[in-house]
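Here are a few exercises to work through at your own pace. Keep the structure open beside you and try each task before reading its solution.

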Amino acid sequence: QVQLVESGGGLVQAGGSLRLSCTASGRTFTNGAMGWFRQALGKEREFVAVIPWSEDTTSYSDSVKGRFTISRDNAKNTVLLRMNSLKPEDTAVYYCAAAKAYSGSDYSRYRSFYDYWGQGTQVTVSS
C-alpha cells in the first residue's frame with residue numbers, strides 16, 4: 001500500500017507564496033512520476049504540474065507556468081510545489097498523486113494516469 005500525505009496549505013494574501021509538500025510512504029516507483037492537481041469549489045479537478053522520479057523534466061499547466069515550481073527529493077520520497085505570485089483563482093484543494101510509470105507529459109495531465117492520491121490540502125488566496 002502506498003500512502004501520500006500533503007502538507008503546507010493555508011491562507012495567504014494575493015501575491016504571496018506557499019510551499020506544498022507531498023511525502024510518499026510504502027513502496028515507491030522509480031520509473032513513475034508525481035503530480036499535483038487542484039480542485040476549486042464547484043469545479044472539476046485539474047492538472048497543475050508533474051515531475052518524473054528518474055527523468056530531469058517537468059511539465060506545468062498554462063495557468064501556473066512561470067509562477068509554480070515542482071521539485072523532488074528522491075531520498076526523502078518527497079515532492080514539493082513552490083507557489084509564487086498567488087492569485088485568488090489559485091484557491092483550491094491541492095492533491096498529490098503518484099503514477100507507477102511515467103508515459104510522458106501528455107498522458108500525465110489526466111487523472112486516470114495516476115494510481116494513488118493524497119487527501120488534499122486547502123490553499124486559500126485572499127484578495
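The exercises below deal with aromatic pairs, charges over rings and two single residues in this predicted model.

**Exercise 1. Classify the ring pair of Phe29 and Tyr116, and say which parts of the chain the pair ties together.**

Solution. Let's begin with the setting: a search of the whole structure finds six aromatic pairs. For Phe29 and Tyr116, the ring centres are 5.9 Å apart and the planes meet at 10°. Planes under 30 degrees apart count as stacked, so this pair is stacked. Next, place the two residues. Phe29 lies in the loop between strand S3 (18–25) and strand S4 (33–39), while Tyr116 belongs to strand S10 (residues 116–117), so the pair ties together parts 87 residues apart in sequence. Finally, check the surface: Phe29 and Tyr116 are both buried.

**Exercise 2. Do the same for Tyr114 and Trp117, then find the cluster they belong to.**

Solution. The ring centres of Tyr114 and Trp117 are 5.8 Å apart, with the planes at 65°. An angle over 60 counts as edge-to-face, so that is the label for this pair. Now compare accessibility. Tyr114 has 6% relative accessibility and counts as buried, whereas Trp117, at 25%, is partly exposed. Stepping back, ring pairs link Phe37, Phe47, Phe113, Tyr114 and Trp117 into a cluster.

**Exercise 3. Which rings have Arg45 and Arg111 over their faces?**

Solution. Take each arginine in turn. Arg45 lies over the face of Tyr95, 3.7 Å from the ring centre. Arg111 lies over the face of Trp117, at 5.6 Å from the ring centre. You met Trp117 in the previous exercise, as a member of the ring cluster.

**Exercise 4. Is Ser108 buried or exposed, and what does Ser108 touch?**

Solution. First, locate Ser108: the residue is in the loop between strand S9 (92–99) and S10. Its relative accessible area is 0%, so Ser108 is buried. Then list the contacts, leaving out residues up to four places away in sequence: Ser108 touches Phe37, Phe47, Val50, Tyr102, Phe113 and Tyr114. Among these, Phe37, Phe47, Phe113 and Tyr114 belong to the ring cluster.

**Exercise 5. Describe the surroundings of Gly10.**

Solution. Start with the strand: Gly10 is in S2 (residues 10–13). Its relative accessible area of 25% makes Gly10 partly exposed. Beyond its neighbours within four places in sequence, Gly10 is in contact with Leu18, Gln122, Val123 and Thr124. As a last step, take Tyr102: Gly10 and Tyr102 are 92 residues apart in sequence and 30 Å apart in space, C-alpha to C-alpha.

Note on methods: Residues numbered from 1 in each chain as written. Predicted model: local features only at pLDDT ≥ 70, side-chain atom pairs only at ≥ 80, totals over all residues. Heavy atoms only, no water. Helix = DSSP H or I, 4+ residues; strand = E, 2+ residues; numbered from the N terminus. Buried < 20%, exposed > 50% of the residue type's maximum accessible area, 1.4 Å probe, protein only. Contact = heavy atoms within 4.5 Å. Phe/Tyr/Trp six-rings, centres within 6.5 Å; stacked < 30°, edge-to-face > 60°. Lys NZ or Arg CZ within 6 Å of the ring centre and 35° of its normal.
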